[in-house]
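Colleague: I would like to go through this model with you and ask how each label was earned. Please set each value against its definition.

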Amino acid sequence: DHSGLERVLCSGVPRARETAEIAFAARGLPIADDPRFAEIRPGRMRDIPPDVFETRVLRAFENAGDPEARFGLGDRFDAYQAGLAEAIQALFLESDWREAALVAHDGANRAILAWILGLGPEAMGAFQQDFGCLNIIEADIADGAILRRSIRLLNFSPRDPGKADHRQTSLEAA
């Protein structure tokens, strides 16, 4: 329990909202949908040829740093991460809160985590994001600028903290 939590945001996707409602119902905090943190879009899944489905969807994050790389037939990884970097920076620089929770999905988390480390979309494949995991990130702000950003906790899953049952990515397990 983190008594300093002041805001709860979610991507607006129904699953994210449901998770936020379950996780934060007892706090009485309003949950705000923030579409800036929407999940990466694969395009029309049925239009992805079966022979490239594994590389373009299931293992897509491994190739996210390739020029022009897309998730499925949808969003380009570089543009997606740039949008999320802009959104998380704007969120960090808002002055009306100190602790907030953001409920987002795999691709959004990966893009934000890579940005926190100063890396581009090529790093997105290095992060695993289990269903229902928790990441804690922070930034030091002074005079309207982000001085330092860091990861406090990464991919913590309360039901399996040692990851004994996690050998597939969330996309492979879905």
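Colleague: Why is Cys133 not counted as bonded to Cys10?
Modeller: The sulfur of Cys133 lies 16 Å from the closest cysteine sulfur, which belongs to Cys10. A disulfide requires a pair of cysteine sulfur atoms within 2.5 Å, so 16 Å is too far for a bond. The structure holds zero disulfides, and Cys10 is in no disulfide.

Colleague: What sort of model is this, and how are its residues numbered?
Modeller: This is a predicted model, in which local features need pLDDT of at least 70, side-chain atom pairs count only at pLDDT 80 or more, and totals for chains, interfaces and linings use all residues. Residues are numbered from 1 along each chain as its sequence is written, and side-chain values use heavy atoms, with hydrogens and water left out.

Colleague: What makes Cys133 count as buried or exposed?
Modeller: Buried means under 20% relative accessible area, exposed over 50%, and partly exposed in between, with a 1.4 Å probe and protein chains only. Cys133 has 19% relative accessibility, so Cys133 counts as buried. Cys10, at 0%, therefore counts as buried too.

Colleague: Where is Gln129, and why is Gln129 called buried?
Modeller: Gln129 sits in the loop between α4 and β4 (134-142); helices (H or I, at least four residues) and strands (E, at least two) are DSSP runs, numbered from the N terminus. The relative accessibility of Gln129 is 3%, so Gln129 counts as buried.

Colleague: Which polar contact does the side chain of Gln129 make with Asn109?
Modeller: The two side chains are 3.1 Å apart in that contact. A polar contact is a pair of N or O atoms within 3.5 Å; within protein, one must be able to donate a hydrogen and the other to accept it, and residues adjacent in sequence count only if both atoms are side-chain atoms. Another polar contact, of 2.5 Å, joins the side chains of Gln129 and Asn135.

Colleague: How many residues of α4 are buried?
Modeller: In α4, 11 of its 11 residues are buried, which makes this helix mostly covered. Asn109 is one of them.

Colleague: What is the largest nonpolar core?
Modeller: A nonpolar core is a set of buried Ala, Val, Leu, Ile, Met, Phe, Trp, Tyr and Cys residues joined through side-chain atoms within 4.5 Å. The largest has 31 residues, and Phe37 and Phe77 are among those with the most contacts inside it. Its largest share, eight residues, comes from α3.
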